[in-house]
Amino acid sequence: MTSSLVRDRARYEAEERERLAAFATKSADSRGRLVPEASHPYRTEFQRDRDRIVHSRAFRRLEYKTQVFVYHEGDHYRTRLTHTLEGAQIARTIARALRLNEELAEAIVLAHDLGHTPFGHAGERALHQLLAAEGGFEHNRQTLRVVDLLEERYPGFRGLNLTEETRAGVLKHGAAWSHPLPLPAAAASPSLEAQVADLADEIAYTNHDLDDGLRSGLLSLGLLAEEPLWHATRASVVARMPGASERVLRAQTIVALINRLVTDLITASAARIDAAGPASAAAARARPEALIASSPEVAGAARALKRFLFEHLYHHPRVLRMNRKAERILGDLYAIYRAEPRQLPRNVVDRFSEEGEARAIADYIAGMTDRFALAEHKKLLDPHEPV
Ligand code: MG
């Protein structure tokens with residue numbers, strides 16, 4: 001770059017060294033991509049990862065995939081796309097406060113759900129059973145397949161050719177699965193940015209599931225009054241905002257709860273990092289214990305809240321009914337494609353020789369949005385539906 005007005009990559013990387021903590025992952029120190037590429041004039045490696053993820057097909061499909069509520073249930077519920085954006089926002093806040101690499105944490109969250117099947121975990125469970133003989137199905141592994149193999153955008157490589165740091169972040173716990181490309185090198189712990197991404201995801205879904213649960217009527221304020229963390233947070237909001245409408249109180253309770261969880265996570269993590277004193281990003285990854293973690297008190301309260309959601313929301317009869325339907329839909333699709341692969345698009349059949357029939361079909365089904373899977377199911381099984 002010629003003009004000194006432009007902040008080029010070298011300058012940005014120098015700023016990172018000044019601005020970020022010693023234990024943060026610096027983009028200039030990236031362990032690189034599987035297929036080496038020339039660096040970009042003004043974007044860092046992690047900015048490039050983030051941009052590649054946002055411009056991918058799998059990212060656009062997140063708009064029509066759900067976690068708890070199927071898309072046709074209403075326009076105000078979270079989708080995987082809005083969940084991902086909320087999670088990324090929370091991750092940036094935490095990373096910035098701890099002087100970690102915000103763009104790496106952001107890239108990991110933006111990618112973390114790309115491997116999810118239609119219909120949330122019900123879809124994942126169904127594919128896992130159907131692929132029992134072929135090593136099963138797991139969404140983190142599928143995310144790595146999406147970014148490493150399934151996106152087709154570049155001439156010199158399959159997938160997005162992301163940095164090892166972003167790939168390690170989406171893979172999470174490491175894996176014993178077979179993967180056609182080299183897996184990121186194992187470390188005792190994920191990078192601090194990956195740890196932030198993981199917990200930001202959890203804070204995001206716990207809060208928006210509460211919000212969507214109330215909006216849908218599956219949860220009620222009366223029921224939630226028995227949940228200590230919710231109850232205490234709501235009581236403090238009500239006391240601070242006399243006369244506020246119920247809609248505002250509900251929104252502000254969620255705001256206060258996110259704030260409480262994020263603030264505690266930042267404070268408790270800072271204390272842990274301080275005590276451990278990692279002198280570099282590599283030293284942080286060599287620690288056997290997670291340095292990014294809530295205080296024991298808040299972690300306990302958050303666990304109780306998650307148990308509450310399990311019992312009253314994720315296992316609500318209406319949610320279970322939709323889950324069973326989802327399992328049946330994916331089971332039907334899989335059985336029909338296996339029995340007669342000619343019903344599949346050509347590009348899926350073309351992948352049989354390389355991936356094996358079962359895995360290629362699972363990749364195809366996992367990539368579907370909720371609405372595509374529903375429509376396809378109807379086309380295949382409803383005699384009155386045009387094919
Ligand atoms: Mg998620």
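In this predicted model, the donors of the magnesium ion follow the spacing H-x28-H-x88-D along the chain. H112 sits in the loop between α5 (102-111) and α6 (120-130), and D201 sits in helix α9, so this pair ties together parts that are 89 residues apart in sequence. Coordination of the magnesium ion comes from H83 (NE2), H112 (NE2) and D201 (OD), at 2.1 to 2.3 Å. Both H112 and D201 are buried.

Two of the donors recur in a helix pair. H83 in α4 and D201 in α9 are among the residues where these helices meet. Helix α4 spans residues 80-97 and helix α9 spans residues 192-216. Their axes lie 8 Å apart, and the packing angle is about 130°. The two helices are therefore oblique to each other. The crossing of α4 and α9 is right-handed. On the α4 side, the contact consists of H83, E86, G87, I90, A91, I94 and A95. On the α9 side, V196, A200, D201, I203, A204, Y205 and H208 take part. Sorted by class, the contact of α4 with α9 has 9 nonpolar, 3 polar and 2 charged residues. The spacing of such positions can be read against helix geometry. An α-helix has 3.6 residues a turn, so residues three or four places apart point the same way.

Helix α9 also borders helix α8 (residues 164-171), whose buried residues pack against α2 (45-54), α5, α7 (139-150) and α9. In α8, 7 of the 8 residues are buried, so this helix is largely enclosed by the rest of the structure. The buried residues are E164, E165, T166, R167, G169, V170 and L171. Just after α8, K172 adopts a positive phi of about 60°.

Positive phi values also occur in loops. Most residues other than glycine have a negative phi. F119, which is not a glycine, has a positive phi near 65°. F119 lies in the loop between α5 and α6, as does the donor H112. At 3% relative accessibility, F119 counts as buried. N161 is not a glycine either, yet its phi is positive, at about 50°. N161 belongs to the loop between α7 and α8. The relative accessible area of N161 is 6%, and this residue is buried.

Two further loop residues were examined. T44 lies in the loop between α1 (9-19) and α2. T44 is buried, with a relative accessible area of 0%. Apart from neighbours within four places in sequence, T44 contacts R9, Y12, E13, E16, S27 and E103. L183 is located in the loop between α8 and α9. L183 is partly exposed, with a relative accessible area of 32%. L183 and L199 are 16 residues apart along the chain, and their C-alpha atoms are separated by 23 Å.

Helix α6 packs with helix α15 (residues 317-339). The axes of α6 and α15 come within 8 Å and cross at roughly 40°. That angle makes α6 oblique to α15. The crossing of α6 and α15 is right-handed. From α6, the contact includes A122, G123, R125, A126, L127 and L130. These residues meet N323, R324, A326, E327, L330, G331 and Y334 in α15. By class, the contact of α6 with α15 comprises 7 nonpolar, 3 polar and 3 charged residues.

Another helix pair is formed by α11 (residues 228-240) and α12 (residues 246-276). Their axes are 9 Å apart, and the packing angle is about 120°. Helices α11 and α12 are therefore oblique to each other. The crossing in which α11 passes α12 is right-handed. The α11 side presents L229, W230, T233, R234, V237, V238 and R240. The α12 side presents E246, L249, R250, Q252, T253, I254, A256, L257, R260 and L261. The residues of the contact of α11 with α12 divide into 9 nonpolar, 3 polar and 5 charged.

Technical notes: Residues are numbered from 1 along each chain as its sequence is written. This is a predicted model: local features need pLDDT of at least 70, side-chain atom pairs count only at pLDDT 80 or more; totals for chains, interfaces and linings use all residues. Side-chain values use heavy atoms; hydrogens and water are left out. Axes are lines fitted to C-alpha atoms, for helices over the stretch in contact, and angles run from 0 to 180 degrees between N-to-C directions. Helices (H or I, at least four residues) and strands (E, at least two) are DSSP runs, numbered from the N terminus. Angles under 35 degrees count as roughly parallel, over 145 as roughly antiparallel, 65 to 115 as roughly perpendicular and the rest as oblique. A crossing is left-handed if the near helix is turned anticlockwise from the far one by less than a right angle, and right-handed if clockwise. Contact means heavy atoms within 4.5 Å. Ala, Val, Leu, Ile, Met, Phe, Trp, Tyr, Cys and Pro count as nonpolar, Asp, Glu, Lys and Arg as charged, and the others, Gly among them, as polar. Donors are N, O and S atoms within 2.8 Å of the metal (3.2 Å for Na, K and Ca); water is not among the atoms, so sites may look incomplete. Buried means under 20% relative accessible area, exposed over 50%, partly exposed in between (1.4 Å probe, protein chains only).
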